[in-house]
Number of protein chains: 2
Amino acid sequence: MQILKSFNDVSLVVDNLSGTLGLVPTMGCLHAGHLSLIKQARMQNDFVAVSIFVNPIQFESEKDAHEYPRNFESDIAMLESENVDFVFIPDIGEVFPYGYQTYVTVTEISRVLEGSRRPGHMRGVATIVTKLLIVFRPDSIYCGQKDGQQSILIKRLVKDLRIPVDVQVCPTVRDSDGLALSSRNIYLSAKERKSSLLLYSSLCSVQDAFRDGIKNSHILRNIIANVLTNDSLLETVYISIADFDTLEELDQVCNKALCSIAVKVGSVVLIDNIILEEVLNE
Amino acid sequence: MQILKSFNDVSLVVDNLSGTLGLVPTMGCLHAGHLSLIKQARMQNDFVAVSIFVNPIQFESEKDAHEYPRNFESDIAMLESENVDFVFIPDIGEVFPYGYQTYVTVTEISRVLEGSRRPGHMRGVATIVTKLLIVFRPDSIYCGQKDGQQSILIKRLVKDLRIPVDVQVCPTVRDSDGLALSSRNIYLSAKERKSSLLLYSSLCSVQDAFRDGIKNSHILRNIIANVLTNDSLLETVYISIADFDTLEELDQVCNKALCSIAVKVGSVVLIDNIILEEVLNE
């Protein structure tokens, strides 16, 4: 496994590559969710590159970026054992040198959900992903359904900027109790973690209702709200049922919708989502 | 000469190209200024591509974009005679299809000069240039010093996004009377055109003063202001002496500065600039 620290290192490697390349962008602190992306990339490509970069411009403050959990040694060990070919670990000055001022914005998709809750977050994501796609020129990029809005944003920017890459969105990986894996789960107390299980169960209730024929978003949102308000440790940030491509809120689910929630639990905001889609033969 | 109308056409051509490619992005209505870029590209590359696209998102209104002069037939004839290999003439729906929402912003550089006078203009330029660079993957892109701020913006975005392309800035081409060539010059009456000559002569006065050792920007700006206020047909929009890389206004010219002006003449705003640079041996 080759460790790359600069964009020049990456270009040298990429210029001499013959075969398909899969890229998995991460902020490190890897868990089984990331590994599922890497395994998928490994299956589908001749070469696999993983980037580890805690992207400061997608955080609201330097403090938030600084406090994001890091675990480089364990990350490297995990990547070694997954037969990753290249790990890109640039420092901040390599990615955003003095005088840096170019940003990529995906306007409408960035205004809602995580974008409305975290100003600048989506612009930060779009910018770093564009930079990685330009330097790596991968055949496929892998993202997790867990960050549903990010996946939709990346699909949109790739389409709009005509970047020749396939965007692969892999299913959310959950603990056996249903909690979606997240680097932030380590901040939950045992009690908070127990309350957090209501996130997924509220989404499952909506899935059931949808399969039973309820298409009215107002009713579907209320199903979640009712589950979440039952627990005093949970503070709902948003409940959204939105078009799967544009993230416009829907009155009625017609084709494919993203049902996503953000909930404050103690000091942490957890997000989760499910896809609501009419299936003809189940 | 091959005429390409879609991004897919371009990709097909570029994927099968062996040799260097020079790209000259234009909005058509070609004049000797554009031809100087094309000739330079022709000299330095195996293949030359020219794009003709009146980019709606760099205009303030649809009306302005619609009214921008067009002359496709004469453009094509000129490009044929310059041995251009590829002309890319997409329609608006090809470049900005329904649902398009991804934009590239170069923040500080876009806030001043033309950026402050024309909201959204620089974002429009940065976005179209990024899209063209991604699809054409040229070795070099050619821009004119006449649009000094655009050249500085393109150099910055290429550096920030790590797009592997050489940005070649070619000198401003002037009519024999000194007026910088511009597609907008056709809107000048004979009287206005005569007044417009003061733009370049004011810049020449500054160049002379600078060579005589005057480095104070306040004094240098006043030299221009005094020349321009003498003519009642001219209305000064801005006079800038700014750092050549960042476009920050300078108190004192130390290394290399861009001295740029915008002047309203009748219904048209004309822009022009010169580079102020310490030269050791002249």
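# Two copies, two domains: a tutorial

Chain A has eleven helices and ten strands, where helices (H or I, at least four residues) and strands (E, at least two) are DSSP runs numbered from the N terminus. This is a predicted model, in which local features need pLDDT of at least 70, side-chain atom pairs count only at pLDDT 80 or more, and totals for chains, interfaces and linings use all residues. Residues are numbered from 1 along each chain as its sequence is written, while chains are lettered from A and ligands numbered from 1 in the order in which they are written.

Student: What radius of gyration does chain A have?

Tutor: Take the radius over C-alpha atoms, and use 2.2 Å times the number of residues to the power 0.38 as the globule rule. For 282 residues that rule gives 19 Å, and chain A comes close to it, so it is as compact as a globular protein of that length. The radius of gyration of chain A is 19 Å.

Student: What percentage of the residues of chain A count as buried?

Tutor: A residue is buried if 20 or more other C-beta atoms, placed from the backbone, lie within 10 Å of its own; it is exposed if 12 or fewer do, and partly exposed in between. Of the 282 residues of chain A, the buried part is 41%.

Student: Which elements of chain A each supply at least two residues of the side of domain 1 that touches domain 2?

Tutor: The bounds, from an automatic or database domain assignment, are 2-170 for domain 1 and 183-274 for domain 2 of chain A. Their C-alpha centres lie 26 Å apart. Counting contacts as C-beta atoms, placed from the backbone, within 7 Å, twelve residues of domain 1 of chain A meet 13 residues of domain 2 of chain A. On the domain 1 side, the elements are helix H6 (107-111), helix H7 (114-117) and helix H9 (148-160) of chain A.

Student: Is Ser183(A) buried or exposed, or in between?

Tutor: Ser183(A) sits in the loop between strand E7 (166-170) and helix H10 (190-211) of chain A. Leaving out residues up to four places away in sequence, Ser183(A) touches Cys29(A), His31(A) and Pro69(A). Because Ser183(A) has 18 C-beta neighbours inside 10 Å, it counts as partly exposed.

Student: How are the two copies, chain A and chain B, related?

Tutor: Superpose them by least squares on the C-alpha atoms of residues with pLDDT of at least 70 in both. Chain A then lies on chain B with an RMSD of 0.0 Å, after a turn of 180° and a shift of 0.0 Å along the axis. The two copies are thus related as by a two-fold rotation axis.

Student: Which element gives the most to the side of chain A that touches chain B?

Tutor: Here 23 residues of chain A are in contact with 23 residues of chain B. Strand E5 (102-106), H6, helix H8 (121-136) and H9 of chain A give two or more residues each. With five residues, the most comes from E5(A).

Student: Which are the edge strands of the open sheet in chain B?

Tutor: Strands pair if DSSP finds at least two bridges between them. The six strands of this open sheet pair in parallel, in the order E1-E4-E3-E2-E6-E7 (chain B). Each edge strand pairs on one side only, and these are strand E1 (2-4) and strand E7 (166-170) of chain B.

Student: Which residue in E4(B) stands opposite Leu4(B)?

Tutor: E1(B) runs parallel to strand E4 (residues 86-88) of chain B, and three bridges join them. Opposite Leu4(B) stands Phe88(B).

Conventions: Contact = placed C-beta atoms within 7 Å.
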